Amino acid sequence: MLREGVLFSKNSDEKYYLQLYKIFKAEIDSGKLSAGSKLSSVRQTAMKYKVNTNTVLQAYNLLEQNGFIEKIPGKGCFIRKSSDFTLDTKFHPILENFRYGQEGSKDIVNFSNGTPAAKYFPASVYRKLAKDTIDEYGPEIFEYQNVQGIESLRVVLSEELEKDDIFVTEDDILITSGTQQAIDIILNLFHSKTGLTIALSNPTYLNALNLFETSCRVKGFDLKDDGWDMEEFEEFLKTEKINLVYEVFNFQNPTGIKWSEEKKKKLLDLAVKYDFYIIEDDTFSEFYYEGERPSTLKSFDKTGHERVIYIRTYSKTIMPGIGIALMVAPRTFMEKAVLVKYSLDTTTSGLNQKILEHFIKDGYLEKHISDIKKIFKEKYEYMLGLLKEVPYLKIMNVPTGGFFIWVLLAEHIDGEKFYKKCRERGVGVLPGSVFYNDKRAGSKIRLTFVSGELDEIKKGVEVIKDILIHCKHTE
């Protein structure tokens, strides 16, 4: 067997690169080379073992083929993580949040659930439209539909998008079962043997982050009050290649930040200059509480030279059970996108598609959003007012829309302990650590105001205030 600094024996029955491969495999199996650690360069390894570089390349290629290492262009070879089904502790609050939201106890104040309460769902309208649709189409409505989406719905959606200065036809729209499926389709569209690099905000929407981390190299950029530092971002682009950018540009989850139009346009210019595409997750634009509705990034996209892949979901505006989102992609992508969708999910509910079509055409959507916006605005203003009186807590960015308020705890307060104390006293919050792709201190907290009533908001903020005052004297 080959040893460091010793030439291979010419009498060995085993090829040189296989001996080297076995050395590295043994070190990986024993844990001497830990997951995520970087291997020495080909040249360094060749010098260390006194072999030629081609031998090292063959050994590294075999390690990669058998799943022991991952080659990242421009960076080197890294030890892959083995299959691990344990859950990172930072995700425990997310699971607890799911259970928490389903408990339905009057003693619980839920500032963690970003989905409006069920009583705001237009259930009676849904029931009426469902009956009308079934009466009109019969059992055929439950058959497989056009994978791209029912054409009549796509026509209605193209007209709806035109109100926001997004000019597309029904052929540019793909219907999906939600934002996550749309992102999954995009990742499959851009799949590359060398891997994808995606740029996103620190912090960012946790469900999207979880999807990206499983298949992409993630590069996070700190979010300022009006978007990224575009000079810093361009400096990065000069030396590193990215494939995609992901962002909620209007009332971002979790921060509530709205990008400036100047920075939106600058990002589009950089996308053209450095050849990348932008995923715009437009979930909250309709929920603006001050001024005019903010412009989408897609509305600045140049026809024929598109760089934005636009996603809009109806799970927040109507109800989660509607299970429909739309994706607008450059037309050159559409055929492949439809094929990818077919491989993931052959169809989206025809019943729900027709219900959404009539919900929009018959004016229900416009009225529904207008009604719940008034309710959410009152809650938003009420919670903001209460939080401003809470000691040892700072509102990071006063949002002008959306569902969330992003707060910073005083330095002496541990965010994870604060989260647990809130949980013990019947208040659900989400620690900021779950929204970052790196190891960040949990001193930031995301609060939402859309689920509870005014008296619940008051009760929950009073608990938070009491915990923070108590922490002042005990931590």
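These exercises work through the fold, the ring contacts and the burial of one predicted model.

Residues are numbered from 1 along each chain as its sequence is written, and side-chain values use heavy atoms, with hydrogens and water left out. In this predicted model, local features need pLDDT of at least 70 and side-chain atom pairs count only at pLDDT 80 or more, while totals for chains, interfaces and linings use all residues.

**Exercise 1. Describe the open sheet of seven strands and what packs on it.**

Step 1. Fix the terms. Helices (H or I, at least four residues) and strands (E, at least two) are DSSP runs, numbered from the N terminus. Two strands pair if DSSP finds at least two bridges between them.

Step 2. Count the elements. The protein has 15 helices and 15 strands.

Step 3. Read the order. The sheet runs 4-10-9-8-7-5-6, with mixed pairing. Its edges are strand 4 (173-176) and strand 6 (216-222), each pairing on one side only. From one strand to the next, the twist averages 20 degrees.

Step 4. Zoom in on one pair. Strand 5 (residues 196-202) and strand 6 run parallel over seven bridges. Thr197 has Arg217 in strand 6 as its bridge partner.

Step 5. Add the helices. Contact means heavy atoms within 4.5 Å. Axes are lines fitted to C-alpha atoms, for helices over the stretch in contact, and angles run from 0 to 180 degrees between N-to-C directions. Helix 7 (residues 179-189) packs on the sheet, and its direction makes about 160 degrees with that of strand 9 (308-313). Helix 11 (residues 331-344) also packs there, touching strand 4, strand 8, strand 9 and strand 10. The direction of helix 11 makes about 15 degrees with that of strand 4.

**Exercise 2. Find which residues of helix 7 are buried.**

Step 1. Set the cut-offs: buried means under 20% relative accessible area, exposed over 50%, partly exposed in between (1.4 Å probe, protein chains only).

Step 2. Count. Eight of the eleven residues of helix 7 are buried.

Step 3. Name them: Thr179, Gln181, Ala182, Ile183, Ile185, Ile186, Leu187 and Leu189.

Step 4. Set the background. Across the 475 residues of the protein, 51% are buried.

**Exercise 3. Characterise the aromatic pair of Phe233 and Phe276.**

Step 1. Apply the rule. Rings of Phe, Tyr and Trp (its six-membered ring) pair if their centres lie within 6.5 Å; planes under 30 degrees apart count as stacked, over 60 as edge-to-face and the rest as tilted. The count comes to 26 aromatic pairs.

Step 2. Classify. Phe233 and Phe276 lie 6.0 Å centre to centre, with 75 degrees between the planes, and the pair is edge-to-face.

Step 3. Locate the rings. Phe233 is in helix 9 (residues 230-239), and Phe276 is in the loop between helix 10 (261-274) and strand 8, 43 residues apart. Both are buried.

Step 4. Widen the view. Ring pairs link Phe221, Trp228, Phe233, Phe236, Phe249, Trp259 and Phe276 into a cluster.

Step 5. Add charges. A charge sits over a ring if NZ of Lys or CZ of Arg is within 6 Å of the ring centre and within 35 degrees of the ring normal. Lys219 lies over the face of Phe221, 5.4 Å from the ring centre. Lys373 sits over the ring of Tyr288, 3.5 Å from its centre.

**Exercise 4. Check the cysteines for disulfides.**

Step 1. Search for cysteine sulfur atoms within 2.5 Å, which defines a disulfide. The whole structure gives zero.

Step 2. Check burial. Cys216 counts as buried because its relative accessible area is 12%. Cys422 is buried too, at 0%.
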